[in-house]
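Please consider the model shown below. The paragraphs after it go through selected features in turn.

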Amino acid sequence: MKFVIALIRHETNTFSPIPTVLSDFRRGTGQGPAYGEAARLACEGTKNAATAYLDMAREMDAEVDFAVYAGAVPSGVVTREAFEHLCDAVMRSASQGCDAVLLDLHGAMVVDGYPDAEGELLRRLRACTPPGLPIGVALDFHANFSHELIRNATVIAGYCTYPHVDIYETGARVARNIRALLEGRSQPVLLWRRLPMLTHMLRQTPALQPMKDLMDRAMQAERDGEVCLASVFGGFPLSDIPCAGLSVVIAAEQGQIEDSQHLLDELCELAWSRRADFVFPSESVPASITHAKTLREGPVLLIDHGDNCGAGGVTDIMDVLEEVLKQGLEDVVAGPFWDPATVAALFERGVGAEVTVDVGGKTDMPALGLKGRPLRLTGMVERLTDGEYTVTGPMFTGVRQSLGRTAVLRVGTVQVFISERPQEPYDTGVFTHAGVDPARCKYVLLKSRQHFRAGFGPFARHIVLVSGPGVCSSDYELFPFQHLSRPMYPLDADASPAHGDGWVPAGA
Ligand SMILES: [Zn+2]
């Protein structure tokens, strides 16, 4: 028995001004994609979906060809060159022959020329392998779906959590079903429906309503054996492609198709009936900070979700920190802000130096008509680090992360972290590696949306969602969508479920 395994994960914010190149696929490797044995080593011991594939291969005493391990922080559109390179690695391995291909993908990758990159990858994979080859796919909860992706996959499972703390388990669900197929115990088919609704990411988490009932129902159906796999995907809304939106995907045995269709209907009707609850109303930055100031007990998390690199933000917009300083909040740790030039300047000055620097604001965001605007800060260089740490929290546990060189600038009672690389703070390591414990600060300013809950949620006294500007804004009216299929809720009042898309097997 032989398996080809590949991990290619990128969430593309098509409004981000920063293109994604091959060397950006460095998450977990530190230096671009890894191949073969190096890919396997990068994956072992982590909580990736592909790790569950490796575990299954070991249990089945199967040979593994780990074609490529390539994860990148969310950013702008992936270059054609990077995509071709990653695809070629998978095709090279798969075309040499195997019993199954096991993929650990995101589902919202957009490539220059391929708005539906995972669909294109799957299409090519089908074309270079024997008909009927089992292809198992684990996808992020934020996947956007096309016919190409559904038609060419054998089984699909999505994360049931956001923050994503069940990535390994999602791989295990895929592996279990591929194994049943290989052992002749199962012959699954896929059913899919996409609704014309862009849900707000701040309203997506399956831990809370309106999503909770949907995900609970899907998970229960899977647990009870009503279907092989049932996944609800919130979809990634910051993507100007035709197929963005909320989807439900079910893998079922032939004999379960009719019931599966009922389940698909039930879940989609429930999602649509709650569409208004999936909208997050934004308030002004000053109003949010004023509210934060009234909170007596910390830690208070200030979540600047409009500029979250975890969803493609540039991470150098300073408006929220500016307001925090203006309103005089005390005992604050903030960051990390992305600004390699300022980091270089602070390293040159050294620890203890009194400096005045223009932080952040180096990037324009032409898609939204926003201009970069640095924030002038005067303070003391308190600490300089290499930015290296290992994740100890529940998301990407054990993965080695690097912020690049990182400087801590003290401005009064505010500690500002400035790093060479953007990184969404889902683990406290972004601060603790420099000796700062955010759990002991009154205010913690983070550029994140949901994933901060993994590492920072457990000790937060209050969470204030701050609608700072940026390409991750929750106000979809600000985005110049051109390719998105319309009508689409909440942009268009006349959107109805009939404007969605879907797929059920012939004979259903
Ligand atoms: Zn996601």
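The text below treats the metal site, then one helix, then the cysteines.

This is a predicted model, in which local features need pLDDT of at least 70 and side-chain atom pairs count only at pLDDT 80 or more, while totals for chains, interfaces and linings use all residues. Residues are numbered from 1 along each chain as its sequence is written, and side-chain values use heavy atoms, with hydrogens and water left out.

The zinc ion has as protein donors Asp140 (OD), Asp140 (OD), His142 (ND1) and His164 (NE2), at 2.1 to 2.8 Å (donors are N, O and S atoms within 2.8 Å of the metal, or 3.2 Å for Na, K and Ca; water is not among the atoms, so sites may look incomplete). The spacing of the donor residues in sequence is D-x1-H-x21-H. Angles among the four donor atoms run from 51 to 143 degrees, and the site is irregular; four donors count as tetrahedral if all angles lie between 85 and 135 degrees, and as square planar if opposite donors are over 155 degrees apart and all others between 65 and 115. Both Asp140 and His142 are buried, that is, under 20% relative accessible area with a 1.4 Å probe and protein chains only.

Helix H1 spans residues 36-43, and its buried residues are Ala39, Ala42 and Cys43 (helices are DSSP runs of H or I with at least four residues, strands runs of E with at least two, numbered from the N terminus). These residues lie on the same side of H1, because they cover an arc of only 95 degrees around the axis, taken from the directions from the helix axis to the C-beta atoms. They pack against helix H2 (49-59) and strand S2 (63-71), where contact means heavy atoms within 4.5 Å. After H1 comes Gly45, with a positive phi near 85 degrees.

The count of disulfides, pairs of cysteine sulfur atoms within 2.5 Å, is zero. Cys160 is in no disulfide, and the nearest cysteine sulfur, that of Cys228, is 15 Å away. Cys160 is buried, at a relative accessible area of 11%, and Cys441 is buried at 9%.

Note on methods. Buried < 20%, exposed > 50% of the residue type's maximum accessible area, 1.4 Å probe, protein only. Tetrahedral: all angles 85-135°; square planar, octahedral: opposite > 155°, others 65-115°.
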